[in-house]
Amino acid sequence: MDIINVETTGVLGFVDQASIDALKDVGNKALRKLIDGTGVGNDYIGWVNLPQHISGELLDDISATAAQLRSRCEVVVAIGIGGSYLGAKAIIEALSNTFSAYTNNANTKVLFAGQNIGEDYLYELQDFLRDKQFGIIVISKSGTTTEPAIAFRLLKEQLEQQVGVDEARKRIVAITDAKKGALRSLTVTEGYKSFVIADNIGGRFSVLTPVGLLPIAVAGFDIHALIKGAADMAKLSLSGQNDCAMTYALTRNTLYRSGKKIEILVNYNPKLHSVGEWWKQLYGESEGKDGKGIFPASVDNTTDLHSMGQWIQDGERTVFETVISVAAPENELRIPTDKENLDGLNYLAGKRVDEVNKMAELGTRIAHIDGGVPNIKISLPCISPYYLGQLIYFFEVACGISGYILGVNPFNQPGVEGYKRNMFALLEKPGYEKESNAIKAKLK
Ligand code: PA5
């Protein structure tokens with residue numbers, strides 16, 4: 001089995017190996033805390049041993065539920081926000097044919113809602129679903145989050161009108177807390193099929209639970225291979241047999257301490273765009289607290305070399321890059337010869353498109369390092385469920401280690417409450433009377 005690899009030679013002109021190694025002791029202690037459950041936030045580390053121990057029965061139930069939705073629906077809308085949608089979106093997009101949304105194949109499409117409160121987005125989605133056989137997976141750990149609750153209320157009503165209450169019930173699956181929250185009560189009252197999000201797994205670490213696995217299975221992808229990849233990575237990382245997660249955590253913290261405050265996750269394969277979005281939430285919500293934390297950003301290259309490339313090459317020198325490099329694309333495409341050569345491209349004739357892409361990647365890494373941007377390289381053998389499973393677990397465990405090295409609780413998100421409090425106060429939600437008066441006074 002191949003394992004994803006982390007290469008850090010591209011940081012050594014900026015920080016030396018000795019300063020990375022100096023963090024090893026604190027890094028090993030951080031990993032120990034994750035394994036023993038002795039660190040802060042230890043009531044949210046259920047994800048650490050999840051892939052190795054996930055039950056076959058649960059995977060069978062997810063697969064059977066996915067098959068049932070697929071048999072009834074051409075479109076399934078996964079409703080959720082933050083950790084309740086980003087992981088599924090990342091994996092589905094990485095594995096999907098980019099243009100399958102425009103083709104008329106038999107595969108059930110998974111769309112997303114509840115990740116914003118855009119009126120036009122929801123209106124257009126409802127319009128799109130009007131002549132479709134659709135179903136809903138509604139996902140909220142707390143069961144009380146406003147964005148998905150609004151989307152679910154709208155789509156539930158639409159589905160019931162389109163197919164009747166009994167058929168709608170067969171096409172709605174809820175994923176939420178075992179007991180708490182409005183979504184659980186609604187699920188019990190309506191008799192929906194449901195899955196539980198374990199208490200000890202936070203949203204952004206939940207992609208390998210039914211939260212991510214059900215939408216991924218509905219989209220037709222192999223969740224057993226995804227879990228196998230994660231389980232292999234877990235075994236190797238937790239036992240210390242493979243130190244790629246540790247290396248990544250130590251290196252990014254060393255760079256942070258040297259003044260590199262922004263990390264840009266770079267891909268050269270547009271299928272990985274949403275992996276960047278998932279990674280931003282994982283690291284941003286886990287580390288950005290107590291006045292600390294690397295700011296996570298992402299770019300899709302070579303596209304963004306023609307926009308953000310200037311800033312990265314020449315702007316303020318507070319950034320470093322982490323490139324996800326995919327060794328082998330799934331398909332082969334060669335640049336043709338042209339007799340006239342009017343475009344002057346014959347020097348590339350016969351080469352694979354990926355060879356050009358790889359030279360763009362290498363050339364950019366060298367240019368950015370020369371321009372003052374340290375570079376970490378993560379190599380992924382290919383984009384498959386198995387290697388994406390490895391990548392997910394790699395980033396999760398590295399995030400736990402990194403957060404502990406930074407000295408924060410990586411598993412809470414107290415800062416997310418601020419906007420909610422103000423929004424509820426402004427909307428005069430019952431129970432927020434005091435906050436309503438306070439915010440109205442501020443606005444005067
Ligand atoms: O990582 C987290 O815990 C959050 O980003 C949540 O996933 C997000 O706020 C959605 O919460 P919920 O699933 O309770 O609706």
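A polar contact is a pair of N or O atoms within 3.5 Å. The exercises below concern a predicted model.

**Exercise 1. Ligand contacts**

Task: Work out which atoms of G83, Q281 and E285 pair with oxygen atoms of the ligand, and test each pair against the cut-off.

Solution:
1. Start with the backbone. An N or O atom from the main chain of G83 is placed 2.9 Å from a ligand oxygen.
2. Turn to the side chains. For Q281, a side-chain N or O atom and an oxygen atom of the ligand are 2.6 Å apart.
3. For E285, the distance between a side-chain N or O atom and a ligand oxygen is 3.0 Å.
4. The limit is 3.5 Å. The values to set against that limit are 2.9 Å for G83, 2.6 Å for Q281 and 3.0 Å for E285.
5. For the surroundings, 13 residues lie around the ligand, and those that come nearest are S84, S140, S142, T145 and Q281.

**Exercise 2. Helices α11 and α16**

Task: Classify the packing of α11 against α16 and describe the residues in contact.

Solution:
1. Locate the helices: α11 covers residues 223-239 and α16 covers residues 385-406.
2. Their axes come within 6 Å and cross at roughly 40 degrees. Angles under 35 degrees would count as roughly parallel, and 65 to 115 as roughly perpendicular; α11 is therefore oblique to α16.
3. The hand of this crossing of α11 and α16 is right.
4. On the α11 side the contact includes A225, L226, M233 and L238, and on the α16 side it includes Y386, I392, F394 and V397.
5. Sorted by class, the contact of α11 with α16 holds 13 nonpolar, four polar and two charged residues.

**Exercise 3. Helices α6 and α7**

Task: Decide how α6 and α7 are oriented to each other, and list what joins them.

Solution:
1. Helix α6 (residues 119-129) packs on helix α7 (residues 146-163) at about 20 degrees, and the axes are 11 Å apart.
2. Since angles under 35 degrees count as roughly parallel, α6 and α7 are roughly parallel to each other.
3. The crossing of α6 over α7 is right-handed.
4. From α6, L122, L125, Q126 and L129 take part; from α7, A151, L154, L155, Q158 and Q162 do.
5. This contact of α6 with α7 comprises six nonpolar and three polar residues, with no charged ones.

**Exercise 4. Helices α5 and α10**

Task: Describe the packing of α5 on α10 and its residue classes.

Solution:
1. The axes of α5 (residues 86-95) and α10 (residues 210-218) are 8 Å apart, at an angle of about 30 degrees.
2. α5 crosses α10 in the right-handed sense.
3. A88, I91 and I92 of α5 meet V211, G212, P215 and I216 of α10.
4. The contact of α5 with α10 has six nonpolar residues, one polar and no charged.

**Exercise 5. Backbone exceptions**

Task: Examine the peptide bond from N301 to T302 and the phi of D290.

Solution:
1. Recall the usual case: most residues other than glycine have a negative phi, and most peptide bonds are trans.
2. The bond from N301 to T302 is cis, with omega near 10 degrees. T302 belongs to the loop between β8 (295-300) and α14 (309-314).
3. D290, which is not glycine, has a positive phi, near 55 degrees. D290 is in the loop between α13 (273-287) and β8.

Conventions:
Residues are numbered from 1 along each chain as its sequence is written. This is a predicted model: local features need pLDDT of at least 70, side-chain atom pairs count only at pLDDT 80 or more; totals for chains, interfaces and linings use all residues. Side-chain values use heavy atoms; hydrogens and water are left out. Axes are lines fitted to C-alpha atoms, for helices over the stretch in contact, and angles run from 0 to 180 degrees between N-to-C directions. Helices (H or I, at least four residues) and strands (E, at least two) are DSSP runs, numbered from the N terminus. Angles under 35 degrees count as roughly parallel, over 145 as roughly antiparallel, 65 to 115 as roughly perpendicular and the rest as oblique. A crossing is left-handed if the near helix is turned anticlockwise from the far one by less than a right angle, and right-handed if clockwise. Contact means heavy atoms within 4.5 Å. Ala, Val, Leu, Ile, Met, Phe, Trp, Tyr, Cys and Pro count as nonpolar, Asp, Glu, Lys and Arg as charged, and the others, Gly among them, as polar. A residue is near a molecule or strand if one of its heavy atoms lies within 4 Å of it. A polar contact is a pair of N or O atoms within 3.5 Å; within protein, one must be able to donate a hydrogen and the other to accept it, and residues adjacent in sequence count only if both atoms are side-chain atoms.
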